[in-house]
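User: I'd like to go through the labels on this model one by one and hear the reasoning behind each. Can we do that?

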Amino acid sequence: MNLNPLSRFIPSSDDSENSAEAYRRIFDEVRRLVNLEVEDAKLMLTEKLTLLLGRVTLVAVAFVLSVCVVIFLSMSISDLLLKSFSPWVTYLIVALFYAVLVGIVALFRRQLIVDPIARYISQVILDPKPKRPSNSKSDSNSAQEK
């Protein structure tokens, strides 16, 4: 028994026609393997871009809706404060609140913005390939062993 994995491609005789045929078969197998790897890479890229663009779209929509909520909350807080303060003091209080909020976000931008984005992108891009389903015989054998 020959243990060489290429033995099915290489003929046992030294005939040049058979050798050419064997090399053609090897070339066809290699080309097929390369084509399969390229298709796999395309599918993985499509999957990862879909996940990434889906998350970006979700964040963009949530951001726009959050801005609307913040505007209405600011207006309602200003109206509430108008009962106790003059208008310029009310708007100054709301503006100072947002200035402090911007300062906090700027101070902790790495923990609040950069790290979560980097973590998510690295999970999407560096996620190992999912395990392919194995045949049912080995699944039933492993289930019986447990």
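Analyst: Sure, here is a run of questions and answers on how the labels were earned.

User: To start, what kind of model is this, and how many helices and strands are there in the protein chain?

Analyst: This is a predicted model. The protein chain has 4 helices and 0 strands, and from the N terminus the elements run α-α-α-α.

User: What does the confidence look like, and which elements have the lowest and the highest mean pLDDT?

Analyst: The protein chain averages a pLDDT of 84, and 76% of the residues score at least 70. Among the elements, helix H4 (residues 136-145) has the lowest mean at 50, whereas H2 has the highest at 95.

User: Why do Phe97 and Tyr98 count as an aromatic pair, and what makes it edge-to-face?

Analyst: Their centres are 5.3 Å apart, and the cut-off is within 6.5 Å, so the two rings pair. The angle between the planes is 70°; over 60 degrees counts as edge-to-face, so that is the label. The structure holds 1 aromatic pair.

User: Why is Tyr98 called partly exposed?

Analyst: Tyr98 has a relative accessible area of 28%. Buried needs under 20% and exposed needs over 50%, so a value in between is partly exposed.

User: What about Arg55 and Tyr120: where does Arg55 lie, and how does the distance fit the rule?

Analyst: Arg55 lies over the face of Tyr120, at 4.2 Å from the ring centre. The distance cut-off for a charge over a ring is within 6 Å, so this one passes.

User: How do you know that Arg24 and Asp28 make a salt bridge?

Analyst: The N to O distance between their side chains is 2.7 Å. The limit is within 4 Å, so they qualify. Both lie in helix H1 (residues 16-82), 4 residues apart, about one turn of the helix. An α-helix has 3.6 residues a turn, so residues three or four places apart point the same way.

User: Are Arg24 and Asp28 buried, exposed or partly exposed, and which network do they belong to?

Analyst: Arg24 is at 42% relative accessibility, so it counts as partly exposed. Asp28 is at 24%, so it counts as partly exposed too. A network of salt bridges links Glu21, Arg24, Asp28 and Arg31.

User: What makes Lys42 and Glu39 a salt bridge, and how are they placed in helix H1?

Analyst: Their side chains meet at 3.6 Å, N to O, and with a limit of within 4 Å that is a salt bridge. In helix H1 they are 3 residues apart, about one helical turn. Lys42 is partly exposed at 47%, and Glu39 is partly exposed at 41%.

User: Why does the contact of Arg110 and Asp115 count, and how accessible is each residue?

Analyst: Arg110 and Asp115 meet at 3.8 Å, N to O; the rule asks for within 4 Å, so the contact counts. Arg110 is exposed, with a relative accessible area of 55%, whereas Asp115 is partly exposed at 26%. By this rule the count comes to 6 salt bridges.

User: How do you know that the span of helix H2 agrees with its number of residues?

Analyst: Helix H2 (residues 87-107) has 21 residues, so at 1.5 Å a residue it should span 30 Å. Its end C-alpha atoms are 30 Å apart, which agrees.

User: Which residues in H2 are buried, and why are they put on the same side?

Analyst: Val89, Thr90 and Val94 are buried in H2. They cover an arc of only 140° around the axis, so they are on the same side of H2. On the other side of H2, Trp88, Leu96, Val102 and Leu107 are exposed.

User: What share of the 146 residues in the protein chain is buried?

Analyst: Buried residues make up 8% of the 146 residues.

User: Last one: where do Leu126 and Ile121 lie, and why do their exposure labels read as they do?

Analyst: Leu126 lies in helix H3 (residues 109-126), and Ile121 is in helix H3 as well. Leu126 has a relative accessible area of 66%; the cut-off is over 50%, so it is exposed. Ile121 is at 32%, so it counts as partly exposed. Leu126 and Lys48 are 78 residues apart in sequence but 9.6 Å apart in space, C-alpha to C-alpha. Ile121 and Leu51 are 70 residues apart in sequence and 9.6 Å apart in space, C-alpha to C-alpha.

Definitions and conventions. Residues numbered from 1 in each chain as written. Predicted model: local features only at pLDDT ≥ 70, side-chain atom pairs only at ≥ 80, totals over all residues. Heavy atoms only, no water. Phe/Tyr/Trp six-rings, centres within 6.5 Å; stacked < 30°, edge-to-face > 60°. Buried < 20%, exposed > 50% of the residue type's maximum accessible area, 1.4 Å probe, protein only. Lys NZ or Arg CZ within 6 Å of the ring centre and 35° of its normal. Helix = DSSP H or I, 4+ residues; strand = E, 2+ residues; numbered from the N terminus. Expected span 1.5 Å × (residues − 1). Arc of directions from axis to C-beta. pLDDT = per-residue confidence, 0-100.
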